[in-house]
Structures are given as structure tokens and as C-alpha cells.
Amino acid sequence: MGPLLFLLYVNDLDTVCSLESHLKLFADDCKLFSETNNRSNRTLQQCIDAICSWARVWQLQININKCQVITITSSHAPVISHSYYINNVCISSSDNVSDLGILISNDLSYKSHIQHIVSKAYQRISILFRGFVTRDIVFMRKAYITYIRPLLEYNSTVWAPTEIYLIDLIEKVQRYFTRNIPVLAERSYKDRLSVLNIDYLELRRLHCDLTYYFKIFNHLTPHNPADFFMIYHPPLSSRSISSYLIKPTKCSNKLESFLSFRSINAWNYIPDYAKSVNSVQSFKKHLKCIDFNKFLFGNAIDK
């Protein structure tokens, strides 16, 4: 009952913020954000003050040491630096903040996050190899899938890279692990994956993206498809009856890396019968039967 009662206790927190600011809650974590400019940061500071007042009334203490400010701006815009205060204590600012396990950078590149999870995965592989003498394939596969691969895939729909060097950086972790299993050491990377019955990491991230697309179109997420995608519906006079997603011909590299853009071509490639299934599990089964190699760009992939 504890977590449920706490959620009920803090559920009215979002009512203290003005319309110009937005607040997101997850358990005891709170994010406050708004669009600002060089002239004023008054709106956001007023919301912070309102939250502090709310916390005092309900006898909850804000941990200032865990609070950070990050300013997100486009590459062409100057960085706007404002100071914000909690109970007259200045909140520290940072170029990277951790949000529910994801490192968010001020340029939304996710390069820092990818480097962090890759480093953490190598550390865990080292612990695994030092801690166990056995190199039995069944054991190593299970240990990898359970303890290492989740580090490289958690919430990948948010941060999945489109830059080849970052794609390769992640894939190298799996290559390193499989190469250090003695009976597989002399085989090619593709053969090692075949023996272990696991997929390329890049392919798995693509499947995650496409599964999320499916959820969006079937209203299993908070996203409205029309707000998330540009959808072309052919006229009745057309021979084609299939709608498809439109990818802008001109957009920045940053925009192309977002979920709503990066997997559009792969989604349009999926047959209509696969998109029209009634469940997520059925859709995932269809994905496994489709060859997506031409939508994979990492150097580890055999085209």
C-alpha cells in the first residue's frame, strides 16, 4: 500500500504549476520544464517557488542535492543561462542529467548515454568472465541475455543512434562477448550469433522502434499518430489502398535521429497484413520473418 498511498499523496502536485510550465511525475521524481528566452526566467522560478510552498504544506522535503538544471537548445541558438533557486539555494546546472536511467544532454545527442552504457556493459562482461570458470555456450548465452544485453537496450526507443560510429560502438560489445567464448572464437560474428541464436543489436533496436510504431497506431501509447507522424492516405481513385508515412526530404541530422523519423522507411516496408494484426505479440512474430538488412547501417552487418 505504501507506493500507492504516496502517489495519492502527491497526485495534486501538477495543479500548482502555471500553464506556461509543465510538470511530469514518476514515483518521487519530478521534472519541471518550460520554454524560456533571454529576457526572463520568471515563469519557471515561480513554479519552483509554488512547488516549494506545496512541499512545506504537505511536509515533504525536497532534496536539493539531487536537483539539477539543464538548458536544451538548438545548435544554432545561443545557450541561455539562468539561475534557479530552491528555498534560496541555487540549483546546480549541468550539460548532462540522468532521467529514469537515461542520460539527457543539452544537445539531445545521447552520445554520452551510449558511451556510459557501453562502458558499463564491458565492466559487467569482465566481472562475468572473472567470476565464472565455465564457458559453456548455454550458460554464457543466458548470462549475456540476462545481465549484459539489457544494459544496451533499456529504453532504446528514446536514444537509438543513427550515426554509424555509435551503432558500431554498441555492436562491438556483443562482438567482444561472443568472441571470448572459446568454442566460437574462430567463427565469424554472424556465425557466432547464429550458434547462440541471438540477433544483431541494431536489428533488435529497429524491432523495438517498429513495435512502438505499432503501439502508436493502435492507441496503446499516449501519442496521437497524427501528431507524431505525417501520414499519406491515397485517394479512392488510386490503385494503391495502403497509407504510408512521409519522411521529410529536408531535415537536420538531429531530427532524423528521433524515433518519429529514423524508422519510417522500415515501417513502410512492412506488409499490410503484418500491420493489421490484433496484438503486439503477433506483430513481433511477423517482424522476425521480415528481412530488414537494408535498413541496418552498422559495419558489423553482412549486407
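Here are some notes on this predicted model, going through its helices, its salt bridges and a few single residues.

1. **Helix H7 and its covered side.** I'd start with H7, which runs over residues 189-196 and has Tyr 189, Arg 192, Leu 193 and Leu 196 buried. Those buried residues span an arc of only 95° around the axis, which puts them on the same side of H7. What do they pack against? The partners are helix H4 (137-153) and helix H6 (164-179). Have a look at the residue just after the helix as well: Asn 197 takes a positive phi of about 60° there.

2. **Helix H8, mostly covered.** H8 covers residues 201-217, and at 1.5 Å a residue its 17 residues should span 24 Å; the end C-alpha atoms sit 25 Å apart, which agrees. How many of the 17 residues are buried? Twelve are, so to speak of H8 as mostly covered is fair. The buried set includes leucines such as Leu 201, Leu 203, Leu 206 and Leu 210. Glu 202, Arg 205, His 207 and Asp 209 are also among the buried residues, as are Thr 211, Tyr 213, Phe 214 and Ile 216. Just after H8, His 219 has a positive phi of about 60°.

3. **Salt bridge between H8 and H11.** Asp 209 shows up again here, with its side chain meeting that of Arg 262 in a salt bridge (2.7 Å, N to O). Asp 209 belongs to helix H8 and Arg 262 to helix H11 (residues 259-262), so the bridge ties together parts that are 53 residues apart in sequence. Are the two partners buried or exposed? Asp 209 is buried, at a relative accessible area of 3%, and Arg 262 is buried too, at 15%.

4. **Salt bridge between H4 and H8.** Glu 153 pairs with Arg 204 in a salt bridge, and the closest N and O atoms are 2.5 Å apart. This pair links distant parts of the chain, with Glu 153 in helix H4, Arg 204 in helix H8, and their positions 51 residues apart. Glu 153 is buried, with a relative accessible area of 15%, whereas Arg 204 is partly exposed at 25%. There is a third member to keep in view: Arg 149, Glu 153 and Arg 204 are linked in a network of salt bridges.

5. **Salt bridge between two strands.** The structure holds four salt bridges, and one of them joins the side chains of Lys 31 and Asp 99 (3.3 Å, N to O). Lys 31 is in strand S2 (residues 29-34) and Asp 99 in strand S7 (residues 96-99), so to find both you need to look at distant parts of the chain, 68 residues apart. Lys 31 counts as partly exposed, with 29% relative accessibility. Asp 99 is partly exposed as well, with a relative accessible area of 23%.

6. **A nonpolar patch at the surface.** Which residues make the nonpolar surface patch of about 460 Å²? They are Met 1, Leu 4, Leu 5 and Leu 8. Take Leu 4 from that set: it sits in helix H1 (residues 2-10), and it is partly exposed, with a relative accessible area of 47%.

7. **His 113, tucked in.** For a contrast with Leu 4, go to His 113 in helix H3 (residues 111-131). His 113 is buried, with a relative accessible area of 2%. Which residues does His 113 touch, leaving aside those up to four places away in sequence? The contacts are Gly 101, Ile 102, Leu 103 and Trp 159.

8. **Two loop residues with positive phi.** Most residues other than glycine have a negative phi. With that in mind, check Asn 87, which has a positive phi of about 50° although it is not a glycine. Asn 87 is in the loop between strand S4 (85-86) and strand S5 (89-90), and it is partly exposed, with a relative accessible area of 44%. Tyr 110 also has a positive phi, about 65°, and is not a glycine either. Tyr 110 is found in the loop between strand S8 (102-105) and H3. Is Tyr 110 buried or exposed? Tyr 110 is buried, with a relative accessible area of 13%.

Key:
Residues numbered from 1 in each chain as written. Predicted model: local features only at pLDDT ≥ 70, side-chain atom pairs only at ≥ 80, totals over all residues. Heavy atoms only, no water. Buried < 20%, exposed > 50% of the residue type's maximum accessible area, 1.4 Å probe, protein only. Helix = DSSP H or I, 4+ residues; strand = E, 2+ residues; numbered from the N terminus. Arc of directions from axis to C-beta. Contact = heavy atoms within 4.5 Å. Expected span 1.5 Å × (residues − 1). Patch = residues over 30% accessible without salt bridge, like charges linked within 9 Å, V, L, I, M, F, W, Y side chains within 5 Å. Areas by Shrake-Rupley, 256 points an atom, 1.4 Å probe, with all protein chains shown as cover.
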